[in-house]
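These notebook entries record what I looked up in one structure. I set them down in the order in which I worked.

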Amino acid sequence: MTSRGAQQPRPKKKWGESLGGPCVLTGYITACVGAGYGFALPLVQRSHFLLSVLLGVCLLLSIIFLWVTNLMDPGVVPPNATKDVQVYCAEIDEKKSASGGAGG
């Protein structure tokens, strides 16, 4: 039993996957394209069919790329414990130029 003033430490929150973002964006993209079909396309005089096909293709590609990005995203990538060879060489060159360039 704990006293009123003492609080128990909260467990650390771990990163988790959530489908809220992609689902909301899918609904938003669909609503925008639906508004385009409902309001903008009837006002167009020519190429109505071509514009409707292009709008549909843009809708499908947007949703496909949104979900592919969501599924393929690795999230937070932990850094390497060892330095990369290029970083190591660049640091050595920087130290050499700092020590050798000051005298001349």
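Entry 1, contacts of L66. I looked up what L66 touches in this predicted model, leaving aside residues up to four places away in sequence. I found P22, L25 and T26 as its partners. I placed L66 itself in helix 2. I then asked whether L66 is buried or exposed. L66 counts as buried, because its relative accessibility is 18% and the cut-off for buried is under 20%. I also noted the spacing of L66 and C23: their C-alpha atoms lie 9.7 Å apart, although 43 residues separate the two in sequence.

Entry 2, helix 1 against helix 2. I next turned to the pair of helices to which these contacts belong. Helix 1 covers residues 20-40 and helix 2 covers residues 48-72. I read an angle of about 175° between them, and their axes are 10 Å apart. Helix 1 is therefore roughly antiparallel to helix 2, since an angle over 145 degrees counts as such.

I listed the residues that meet across this pair. From helix 1 they are P22, C23, L25, T26, I29, T30, V33, G36 and Y37. From helix 2 they are S52, L55, G56, L59, S62, I63, L66, W67 and N70. Which classes make up this contact? I recorded eleven nonpolar and seven polar residues, and no charged residues.

Entry 3, H48. I looked up H48, which lies in helix 2. Beyond residues up to four places away in sequence, H48 touches L41 and P42. H48 counts as partly exposed, because its relative accessibility is 39%.

Entry 4, C58. I found C58 in helix 2. Its relative accessible area of 47% makes C58 partly exposed. I also checked C58 against V33: the two are 25 residues apart along the chain, and their C-alpha atoms are separated by 8.8 Å.

Entry 5, cysteines and disulfides. I recalled that a disulfide is a covalent bond between the sulfur atoms of two cysteines. How many disulfides does a search of the whole structure find? The search returned zero. I noted the accessibility of two further cysteines. C23 is partly exposed at a relative accessible area of 44%, and C89 is partly exposed at 39% relative accessibility.

Entry 6, the protein as a whole. I counted three helices and zero strands. Along the sequence, the protein follows the pattern α-α-α. How much of the protein counts as buried? I recorded 11% of its 104 residues; L66 is one of the buried residues. For the surface, I noted that the protein exposes about 9700 Å². Carbon and sulfur atoms supply 65% of that area.

Key:
Residues are numbered from 1 along each chain as its sequence is written. This is a predicted model: local features need pLDDT of at least 70, side-chain atom pairs count only at pLDDT 80 or more; totals for chains, interfaces and linings use all residues. Side-chain values use heavy atoms; hydrogens and water are left out. A disulfide is a pair of cysteine sulfur atoms within 2.5 Å. Buried means under 20% relative accessible area, exposed over 50%, partly exposed in between (1.4 Å probe, protein chains only). Axes are lines fitted to C-alpha atoms, for helices over the stretch in contact, and angles run from 0 to 180 degrees between N-to-C directions. Angles under 35 degrees count as roughly parallel, over 145 as roughly antiparallel, 65 to 115 as roughly perpendicular and the rest as oblique. Contact means heavy atoms within 4.5 Å. Ala, Val, Leu, Ile, Met, Phe, Trp, Tyr, Cys and Pro count as nonpolar, Asp, Glu, Lys and Arg as charged, and the others, Gly among them, as polar. Accessible areas come from the Shrake-Rupley method with a 1.4 Å probe; for residues, only the protein chains shown count as cover.
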